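Have your viewer open and your selection tool ready. We will make a few stops together, and at each one I will tell you what to pick out and what you will find there.

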Protein chains: 2
Amino acid sequence: MELRAAPSYRTDPPMQAALREARAAGARGEVPVGAVLLAPDGRVLSRAGNEVEQRRDASAHAELLCLRAAAVLLGRTRLDGCSLVATLEPCPMCAAAASHFRVARLVFGAYDPKGGGVEHGPRLYGQPGCLHRPEVIGGVCEREAATLLRDFFRSLRG
Amino acid sequence: MELRAAPSYRTDPPMQAALREARAAGARGEVPVGAVLLAPDGRVLSRAGNEVEQRRDASAHAELLCLRAAAVLLGRTRLDGCSLVATLEPCPMCAAAASHFRVARLVFGAYDPKGGGVEHGPRLYGQPGCLHRPEVIGGVCEREAATLLRDFFRSLRG
């Protein structure tokens, strides 16, 4: 009898690509968060890690950089059918941006009870005024994403 | 007896500068919202109108452009003591960004019951997890700011 692995979110290739961006960001001294933006056919349109320190830009979160780069690449402000894959639950700024860009799906790794704006805090897509609510899939490669962040903050505290 | 006008928010010079940016944005076919970013001494560090269509960037709201430009100008991610002056109540994305950039004060013109994230919707600065809450002054030159937007949307509907 052949044993087949069930399709597993633990080895999800787009999330693995986002995790590589997160690790590269960490190596640059940024908070290790990464993201990739997928076209409706699964092709990677953009990828980024945090660049807050490098750009001197508190809004240069991986997710926002990815959204912006993909829109410029496609030459339109709406990313219909696209998926944003991020290693961490997006903050309210990035969650709202994903809605402005009309992404169809948001996939994220670790949950962020303190800073997250999707499943925590303002729960933006649950707000009555929210004009576009992406499908949300959280906890993909969660342990790997959470460990990366925990190790980073532990190393900061020395 | 000398009659002195009370200091009036109706003729507030920074808001008038933001309104000029809003009108210029409208003339470019953008939603007419403008913003300026003031240093602690009141000097204008940056000014912008919406550039969503022009940049093909759904996040290119006047407020976010202003915040980013001022931080790059100062060479730091935190805009301590600075004020963000916007013609419209910021959306959740821009409200969260103002918090990330640590602005001391947010001044806005028209209230936005549908899309605003400060006094409406998620009321971001009232969220328990919000790390930095700017002082908020709404309704400055409110009628002028609201009329500009109403006229724009009326003209769109033909």
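The tour goes from the meeting of the two chains to the packing of helices.

Before you start, keep in mind that this is a predicted model, in which local features need pLDDT of at least 70, side-chain atom pairs count only at pLDDT 80 or more, and totals for chains, interfaces and linings use all residues. Residues are numbered from 1 along each chain as its sequence is written, chains are lettered from A and ligands numbered from 1 in the order in which they are written, and side-chain values use heavy atoms, with hydrogens and water left out.

**Stop 1: chain A against chain B**

Colour the two chains separately and select what touches. You should get 27 residues from chain A and 27 residues from chain B, where contact means heavy atoms within 4.5 Å. About 2000 Å² is buried between chain A and chain B, and carbon and sulfur atoms give 69% of that; buried area is the accessible area (1.4 Å probe) that two parts lose on being put together, summed over both. Now show A:Arg56, A:Thr77 and A:His100, which supply 26% of the area that chain A buries against chain B, more than any other three residues.

Next, look for charges. There are two salt bridges between chain A and chain B, each a side-chain nitrogen of Lys or Arg within 4 Å of a carboxyl oxygen of Asp or Glu. To see a salt bridge, select the side chains of A:Arg68 and B:Asp57, 4.0 Å from N to O.

**Stop 2: H4 meets H4**

Select residues 92-100 in chain A, helix H4(A), together with H4(B). Helices here are DSSP runs (H or I, at least four residues), numbered from the N terminus. The two axes come within 8 Å and cross at roughly 150 degrees, the axes being lines fitted to C-alpha atoms over the stretch in contact, with angles from 0 to 180 degrees between N-to-C directions. H4(A) and H4(B) are therefore roughly antiparallel (over 145 degrees; under 35 counts as roughly parallel). Show Pro92, Met93, Ala96, Ala97 and His100 in both chain A and chain B to display the contact. By class it has eight nonpolar, two polar and no charged residues.

**Stop 3: H3 and H4 within chain B**

Add residues 62-74 of chain B, helix H3(B), which packs against H4(B) at about 20 degrees with axes 9 Å apart. That makes the pair roughly parallel. Here B:Glu63, B:Leu64 and B:Leu67 meet B:Met93, B:Cys94, B:Ala97 and B:Ala98.

**Stop 4: H1 and H5 in chain A**

Finally, select residues 13-27 and 142-156 of chain A: H1(A) and H5(A) pack at about 5 degrees, axes 11 Å apart. They are therefore roughly parallel. Among the contacting residues are A:Leu19 and A:Phe152.

How values were computed
Helices (H or I, at least four residues) and strands (E, at least two) are DSSP runs, numbered from the N terminus. Angles under 35 degrees count as roughly parallel, over 145 as roughly antiparallel, 65 to 115 as roughly perpendicular and the rest as oblique. Ala, Val, Leu, Ile, Met, Phe, Trp, Tyr, Cys and Pro count as nonpolar, Asp, Glu, Lys and Arg as charged, and the others, Gly among them, as polar.
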